Amino acid sequence: MQATNILILILGLGLFAFYLGRGRSLALAKPLGGIRHIHSLPSYYGAHVALWCALPSLLLLGLWMIFDGPLIHSIVLKSLASGGMVIDASSESLLLNKITNLADGVLPRKGEQPALVVAADLMLRLQEISRWSLTALMLTLSLTGFGWSWSRISSTFRARPRVEKVMEKLLLTCACVAIFTTLGIVLSVLFESIQFFRSVPIDDFVFGLDWSPQTAIREDQVGSSGSFGAVPLFVGTLLISAVAMCIAVPVGLMSAIYLAEYASKSVRSIAKPALEVLAGIPTVVYGFFAALTVAPFLRDLGASFGLTVSSESALAAGGVMGVMIIPFISSLADDVITAVPQSMRDGSLAMGATKSETVRNVIIPAALPGIVGGIMLAVSRAIGETMIVVMAAGMAAKLTANPLESVTTVTVQIVTLLTGDQEFDSPKTLAAFALGLMLFVVTLMLNIFALQIVKKYREQYD
Amino acid sequence: MTKPDNKPVNNLEKIRKSLSRRNRSERLFRWYGRLAIFIGLAAVTVLFTDIVSKGHGAFRIAYLQLEVEYDQDLIGVDNLTDPEQLILGNWQAVPKQALREQFPDVSGRSDKRKLYGLVSNGSGFDLKDRLLANPMLLGTRETIWILADDDIDTYYKSWLDGEPYAARLSDKQVEWIGELHDQGKIRLQFNSNLFTRGDSREPEQAGIRGAVMGSLFTLLLTLMLSFPIGVAAAIYLEEFAPKNGWTDFIEVNINNLAAVPSIIFGLLGLAIFINFFHVPRSVPIVGGLVLTLMTLPTIIITSRAAIKSVPPSIREAALGMGASKYQMVLHHVLPLALPGMLTGAIIGMAQALGESAPLLMIGMVAFIVDIPGGFSDPATVLPVQIFLWADSPERAFIEKTSAAIMVLLSFLIVMNTSAVWLRKRLERRW
């Protein structure tokens, strides 16, 4: 039986168990003179039975789905190896893929090596066994759980505390998904990076000035080694982010100040949502806009002034990214500016300062930590932004600080290294994870620092 | 002891003198603010105008009127129920013959090839589908509208607009189109292919149906996973969590995950789901899981805000009436916080719908023609389809891409306005 079918079956059984348990508690309560005379409400008895019926087998299902595939694969590989086939680590995944395709009937069986056909049959048989034993085990577990909890229903059985305890554990598990995610990110990126740093020394990666990650098809090819110096990527990322910030910070900050301090209510109620539209536009749309409208426009504009502007210039990608970040900065700045107590404004105005002097000399200094925090969050966003640069920035890693030239970024390289079919263990793909690690660490530090600042600032005026 | 030049009269004089300068800088500052707002609004306007002006044409596409004959010998099919014949049949011969009849004086190999280039490469298969739907047509003639090639479509539209773009056409082809136009045998029709077909290498045959279905399955899974988990996590953190280091750690994690670049989630999906658990690439299951992890922080944060906004008096009243803590949460707090949570979920889904970077990592960029029918069929999603089309060299794909963007943006606008509407409609002020 398919996993989804089993899932539906078990959930159905759980529902059934709920009604049975509830019914039994109601039947128990009747001769005693109503549900006031049993410990918990009938639905809690039902929920208790349902939980015992469904939860253990669902847990089993989860574990089974994790370990079932790798186990079958290792058994199949072992049988192949005992049949006299030499399998090394690199051909393993290829072989497994082939066997899986044979077993699924995607590849025709005609003309394949007999050993592989046998292995495919073995795989099919194992999958069959696994499916049936899973179904049988889950059903037994469900029915046992049901029978046991059913037999415990009595007028003094404390169903409610038990159900609530289980529910609290479930809620806690859900809350911990965030931790598992972080852990998953760290582990997945770290493991691959460590593998990468085994073949490429870490200081070559962090301080190397040359990035050309192509690896050779033949051993003796020219330039077969590939070089993984990430400095051009860092410089490119910083250049594009700097261009973006040059646009986003002044525009975002000034519009926040205007909306918070000057604009009438009606202007604010129109302009604020209109600016926030920019935040809701998918980045792929910005990428398209940058690549097909802004970049050619800048190139032609540059040509009319006698400048050579690359058609994948950092200016185009950074400029559009800046537009994307405007609402991010303006809404964060708006929050901190409106959080500055009115008494400070009144004090300054009462001393005869004009409104702009109040803003410049009182409000901005008071809101500065919050604004800086917001800008740092925006920088972390610009560094991690992917689609705009993938579509509008270049591929070639050039070490330059000229925004009119084409540069590449960390995220562009991650995407180019990892899209398409590749061998998973080559330094080329592992390099993408090393870049991912860099990206994660840098944005994490920026985020933690910025969130700390913003939090502290909020407490100051609360 | 005041110095002579610091007398009140002198100070007043000084202030009066500096007043005009100060007022000027005040006005200037105000104009800077207006300029900033203007730049932001101009960016919105330019972006939308650009997309619409590039994409509006894609909703109509050129068709040619030809008289076709479903000639059994020409196609090589005499029995429409025989699948082998259907596969081997020379379907493209039908529109080719119709073109030869329309322009009988065309001769020579290269001219003929150009002539055949007027209609879409897939038009023969469209005729096959039509024939299969009406088997009576076999062996008869009829006059129908046939899909034109994308270059013809581009040229015809630009010609109608008064700026002919004929870079990809020969003079002969331009002449033929002029002839067809004079006879009323070429026209623009509503482009239903855009909404009913999957991806294709031929721009005129390509549609967004496959990507829309892929997005639908991916988002459905995302919603089914992230909403319950997010709400449960929010309830735990707001109502039950003890104030200790573990809770703080969870909170720090959630806040950081909300700001982690989305591409990192793609790396997570690639390393864990695909390389460790061997889930196949390109399927909505992996996409849904990755987007779930990505939207979860948003949903948790908005759900917590919604729970927080329920006043404590409600909780105290429930507890005072003898409800247990769970009964208080499930029967009183949750129903009151639900509108806010739903708004958060819609915003999270809108974010997930527009996301493409992590999906590139897990192989949802593959060229997929078939329309996915389930969670485990290879699929792509709408933003990734836009990315793929934007990368295609054919000029006609620019139009298509912009049209796909318009569809994506309208989905997003509907979702966001419904979120705002929901909030306005259901939100309770205490």
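How many Å separate the centres of domain 1 of chain A and domain 2 of chain A? Keep the question in mind while loading the model, which is a predicted one.

**Chain A, domains.** Select residues 3–157 of chain A for domain 1 and residues 227–461 for domain 2, as the domain assignment gives them. Place a centroid on the C-alpha atoms of each domain: the two centres are 48 Å apart.

**Chain A, a helix pair.** Next select helix H1 (residues 3–32) and helix H4 (residues 114–152) of chain A. Their axes lie 11 Å apart and make an angle of about 10 degrees. Angles under 35 degrees count as roughly parallel, so H1(A) is roughly parallel to H4(A).

Show the side chains where these helices meet. On H1(A), pick Ile6(A), Ile10(A), Leu13(A), Ala17(A), Gly21(A) and Arg24(A). Facing them on H4(A) are Thr135(A), Met138(A), Ser142(A), Phe146(A) and Trp150(A). Coloured by class, this contact shows seven nonpolar residues, three polar ones and one charged one.

**Chain B, overall.** Hide chain A and display chain B as a cartoon. Chain B has 18 helices and three strands. Its radius of gyration is 31 Å, well over the 22 Å that the globule rule gives for 430 residues, so chain B is more spread out than a compact globule. Aligned on the principal axes, the C-alpha atoms of chain B fill a box of roughly 110 × 75 × 40 Å.

Colour chain B by burial: 43% of its 430 residues are buried. For a contact map, take the pairs in chain B at least 6 apart in sequence; 76% of those contacts join residues at least 24 apart.

**Chain B, Ser282.** Zoom in on Ser282(B), in the loop between helix H12 (262–274) and helix H13 (284–308) of chain B. What is notable about phi of Ser282(B)? Phi is near 65 degrees there, a positive value in a residue other than glycine. Most residues other than glycine have a negative phi.

Is Ser282(B) buried or exposed? The cut-off for buried is 20 or more other C-beta atoms within 10 Å. Ser282(B) has 20 such neighbours inside 10 Å and therefore counts as buried.

**The interface.** Finally, bring chain A back and select the contact residues on both sides. On chain B, 67 residues are in contact with 68 residues of chain A. Helix H1 (residues 8–55) of chain B supplies the largest share of the chain B side, 17 residues. By class, the chain B side divides into 48 nonpolar, 14 polar and five charged residues.

Terms used. Residues numbered from 1 in each chain as written. Chains lettered and ligands numbered in written order. Predicted model: local features only at pLDDT ≥ 70, side-chain atom pairs only at ≥ 80, totals over all residues. Contact = placed C-beta atoms within 7 Å. Helix = DSSP H or I, 4+ residues; strand = E, 2+ residues; numbered from the N terminus. Nonpolar A, V, L, I, M, F, W, Y, C, P; charged D, E, K, R; others polar. Buried ≥ 20, exposed ≤ 12 C-beta atoms within 10 Å, placed from the backbone. Domains from an automatic or database assignment. Rg over C-alpha atoms; globule rule 2.2 N^0.38 Å. Axes fitted to C-alpha atoms, helices over the stretch in contact; angles between N-to-C directions. Parallel < 35°, antiparallel > 145°, perpendicular 65-115°, else oblique.
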